[in-house]
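Got your viewer open? Load the model, and let's walk through a few selections together.

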Amino acid sequence: MEVDREFKIVTLGEGRVGKTSLAMRYVRGQFNEKEQSTTNANFLEKNIRINETSIKLNIWDTAGQERFRALAPNYYREAKGALLVYDITDKESFWKVVSWVEELKMQADKDISFVIAGNKCDLELDRQIPKEQAIAYAKQIGAAHYSTSAKSGMGVNECFEEIAKLILDKESRSGSPIRSSKARSRVIVKNQEEVVKKKKSGGCC
Amino acid sequence: MATESLLSDEYVIIESITNEFSKEDWASLLEKNDLHHTCPKRIRKSLLFGIPDSLRGQIWPFLTRANHMDFSTYETLSQRKDKIFEPLIQKDLARTFPDHEIFKDTKGPGQSGILRILRAYAQFDNEVGYCQGMAFIAGLLFIHIKSEELTFWAFVSIMFDKNWREIFTSGTPKLVKMLDCLSSQLETLLPEVYNHLQTENLELTCFSPYFITIFGCKVPLQYGMRVADMFLYEGEQVIISLLLNMLSLKQRKILRMSFEELFRYFNSEMAKECFEEFNFETLLSPITKYVESVDDDYDILEG
């Protein structure tokens, strides 16, 4: 399939809020009640079509553990969209979203688009974060808010597609397509020189 | 095969250090419980060859000296719950080896065992407390050692003697150090692979779960257990050597892969594939021996 655009998206949020489950539900249509915890990151891709544009989404699903946060910039660097996930039954996880937003605003691509997902909506009875509060916060930072359940599938396609739409919108407003995530060419030149140099000094044959 | 006698009587075993331990040898070693006076080369060789499954649960505490520790301490520590870490530990219980027999059920022996082990550790080392990844290490140990106390002390030994705790402290200094080490060894020993990863813009942090969980969360348990056999004796170099050898053995394939393919390959298939195809002796051999020269790339650049 011919792809018009390729977007890098990152999922961020506290541990066990359902980042992997949301990504798996979206890309593979599966839900595993016993998902193993993520210690680094997973990488998933999905081709979608929005209006007349075919888009390949490269989804980086990161580990939520606070202490590995030092590794996170490797994943959100050059990302055009972020899905910030919290668990509606866990108040702390919502505040973690707020702190991620702060970090991304400082460190990530300045055009990055945010979508917030309040996950585990199948556990409505245990809700700790009022929906209105989350929506108000999303509005304040210019993000969209979705109520999701990786278990039932509710809101999952919508939240990922919203990110793609937001990125497309930003592209069309800025006039030129936002370049895809992997700036490789500059590195290649440098490395070819290095390889040649090593070969000459190594004298292995 | 030539046999070698050791002149020093420091070693318990004096005959033929080139042979690996038999099951009986292991049993007698365990009985003597004297790691310090056992020939290191022969231990290494025996571990590479493979240890009797039935003795693994005793050999691991022997290698980590866990069986020298005071047991009452564990009893006390495992009963205290930490306000901050308890919920974090609880969250990960069902997410650690979720398909394994003893970890399947919430109230099963696996989940309740590592809950107490990790709870005790959070008390023992309050700076580290609990961090994601630790449950896989404790879980892997517990599956084989079976005793909570011995697992706890073996875990403590990994965290302190091998300084694995600095993987879990803020900023993960130990992980950063080991990834740097992997990077510089890769650059020296496998420059083609190193350059290819650079060209594809792939960060070596994609290997971090192999360090964080000692391969535990990344390969089927029967291989994780063999990695632990070696790691408990030789430490971090085992992880680095395994990765370098894998990258070396698979380099032809790797050099053809794009960024996405590389990430996926390193994140799941590579280790499993290598464990299926090669024995541990090959996977832990001195790396230079296995470097294949991939001249094609040079030809292109030079031509």
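First stop: is B:D53 buried or exposed? This is a predicted model, and in it B:D53 is exposed, with a relative accessible area of 57%. To see where you are, show chain B as a cartoon: B:D53 sits in the loop between α2 (40-49) and α3 (56-63). Now add B:K23 to the selection. Along the chain B:K23 and B:D53 are 30 residues apart, and their C-alpha atoms are separated by 9.7 Å.

Next, the cysteines. Don't bother hunting for disulfides: a search of the whole structure turns up zero over all chains. Pick B:C206, which is in no disulfide; its nearest cysteine sulfur belongs to B:C217 and is 13 Å away. B:C206 counts as buried, because its relative accessibility is 2%.

Hop over to B:C217. Why no bond there? Its closest cysteine sulfur, in B:C131, is 12 Å away, and that is too far for a bond, given that a disulfide needs the sulfur atoms within 2.5 Å. B:C217 also counts as buried, at 12% relative accessibility.

Last stop, chain A. Select residues 113-119 (strand β5) and 144-147 (strand β6): the two strands run parallel and are joined by four bridges. Show A:I116 and A:H145 as sticks, and you'll find A:I116 standing opposite A:H145 in β6(A). To follow the connection, add residues 131-140, helix α4 of chain A: the chain goes from β5(A) through that helix to β6(A), making a right-handed β-α-β crossover.

Definitions and conventions
Residues numbered from 1 in each chain as written. Chains lettered and ligands numbered in written order. Predicted model: local features only at pLDDT ≥ 70, side-chain atom pairs only at ≥ 80, totals over all residues. Heavy atoms only, no water. Buried < 20%, exposed > 50% of the residue type's maximum accessible area, 1.4 Å probe, protein only. Pairing = 2+ DSSP bridges. Right-handed = clockwise from strand over helix to strand, strands pointing away.
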